[in-house]
Amino acid sequence: MILYLVIPCYNEEEVLPLTAEAVRKKLEALIAAGKIAEESRVLFVDDGSKDGTWDILRKMTAENPLFSALKLSRNTGHQNALLAGLMTAKDHCDAVVSMDADLQDDINAIDGFLQKYEEGCDVVYGVRNRRDTDTRFKRTSAQAFYKFMAAMGVESVYNHADYRLMSRRAVEALSEYKEVNLFLRGIVPLIGYRSDYVYYDRKERAAGESKYPLKKMLSFAEDGITSFSVKPLRIISTFGIVIAGLSVFGLLYSLISKLTGNAVSGWTAIVASIWLLGGIQLLCIGVCGEYIGKIYSEVKGRPRFHVEQLLLRDGKAGGKPGEEETPSPPPFCLEASRRP
């Protein structure tokens, strides 16, 4: 089988040499053991990096036939960069493993992925055993994220990021999902093919800084919820019914105060209720606005990414371990096509 590793990169010049060396050794070991074909590749996706990431990738692809590189025209975000790599790899491989460039995911879990794949699984999720290497804040916020997503009705795998194996037909199925607001952790379980889990221990980041600060994590959570669940809208409806019921008691209180001549004494309660209802209304309008904004983005149907350059040593899908394969042609460069 031909295996591709897809690794999105954004300003990863510090960790990239370490990552390249680790994945090179892993792929060479798997090829030597006959578990994957010689046409297997590592596809790095440069998500519009502003540092020397692309220069490093160009040099790596020129020096080692295992490495390929894809450059996007601008920074589109981790999920779009990952999708770009998957869509490029699917035409050249039998299965693809996606992973981050920081080496926090245990690369040796790939052996377990391949075993599950040979057993007939189309999707294999890499699940973290624990988060001891994370800070207390990140560990707590991550757990809260998964629990909140589950409460909102979003189907996802607990303690799973984007470290997974997908068969070619699973990636083909993924290509049929046309959402502009991507949340792959929610989309992949919707594919429905046979899946399983491989558990591993999370490591510390090898070098560089995390590309997911709190602001991006909150935005990621919002995309996941609004893209896969209408539960917030239902909560708003329930909220409205409850507030409408409470307003009846407020009306009765106002009438009693008027009839008993104590209208002035209720001024504080009235003002407080106005501020409360005003705040609730603004909150509800904001939630509705988020959904309308998502609809606006989806209706426009703009491209999720543009490929500026592709450096790829091609292989043919369908090979089996032990078969004699044709040599890979030299690397070639694909420039992004321009629309008229």
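Where does Leu103 lie? Leu103 is found in the loop between β4 and α4, where helices (H or I, at least four residues) and strands (E, at least two) are DSSP runs numbered from the N terminus. The structure is a predicted model, in which local features need pLDDT of at least 70 and side-chain atom pairs count only at pLDDT 80 or more, while totals for chains, interfaces and linings use all residues. Residues are numbered from 1 along each chain as its sequence is written, and side-chain values use heavy atoms, with hydrogens and water left out.

The chain as a whole may be described before its parts. Its secondary structure comes to 10 helices and nine strands. Of its 340 residues, 44% count as buried; buried means under 20% relative accessible area, exposed means over 50%, and partly exposed lies in between (1.4 Å probe, protein chains only). The accessible surface comes to about 17900 Å², and 58% of it belongs to carbon and sulfur atoms; such areas come from the Shrake-Rupley method with a 1.4 Å probe, and for residues only the protein chains shown count as cover. Among contacts in the chain with a separation of 6 or more, 83% are accounted for by residues 24 or more positions apart, a contact being heavy atoms within 4.5 Å.

Leu103 has a notable backbone angle: its phi is near 65 degrees, a positive value in a residue other than glycine. Most residues other than glycine have a negative phi. Leu103 counts as buried because its relative accessible area is 16%. Asn11 also has a positive phi, near 55 degrees, and is likewise a residue other than glycine. Asn11 is placed in the loop between β1 (3–9) and α1 (16–32). With a relative accessible area of 26%, Asn11 is partly exposed.

Another loop, between α3 (78–89) and β4 (95–98), holds Lys90. Although lysine carries a charged side chain in the salt-bridge rule used here, the point of interest is its cover: Lys90 has a relative accessible area of 13% and is therefore buried. Leaving aside neighbours within four places in sequence, Lys90 is in contact with Arg168, Val171, Glu172 and Ser175. Its side chain also makes a polar contact of 3.3 Å with the side chain of Asp91. A polar contact is a pair of N or O atoms within 3.5 Å; within protein, one must be able to donate a hydrogen and the other to accept it, and residues adjacent in sequence count only if both atoms are side-chain atoms.The salt bridges come next. A search of the whole structure finds 12 of them, each being a side-chain nitrogen of Lys or Arg within 4 Å of a carboxyl oxygen of Asp or Glu. In one, the side chains of Asp46 and Lys71 meet at 3.6 Å, N to O. This pair links distant parts of the chain, with Asp46 in strand β2 (residues 41–46) and Lys71 in strand β3 (residues 67–72), 25 residues apart. Both Asp46 and Lys71 are buried.

Lys116 and Asp196 form another salt bridge, with their closest N and O atoms 3.2 Å apart. Here too distant parts of the chain are linked: Lys116 is in helix α4 (residues 109–118) and Asp196 is in strand β7 (residues 195–200), 80 residues apart. Lys116 is partly exposed at 21% relative accessible area, and Asp196 is partly exposed at 23%.

In the salt bridge between Arg164 and Asp162, the closest N and O atoms are 2.8 Å apart. Arg164 is buried, with a relative accessible area of 1%, and Asp162 counts as buried at 3%. Glu21, Arg24, Lys25 and Glu28 are linked in a network of salt bridges.

The cysteines give a count of zero disulfides, a disulfide being a pair of cysteine sulfur atoms within 2.5 Å. Cys9 is buried, with a relative accessible area of 1%, and Cys93 is buried at 2%.

On the surface, Phe239, Val242, Leu246, Phe249, Leu252 and Ile256 make a nonpolar patch of about 600 Å². Patches are made of residues with over 30% relative accessible area and no salt bridge; like charges are joined within 9 Å, and nonpolar side chains (Val, Leu, Ile, Met, Phe, Trp, Tyr) within 5 Å. Leu246 belongs to helix α9 (residues 231–259) and is exposed, as its relative accessible area is 52%.
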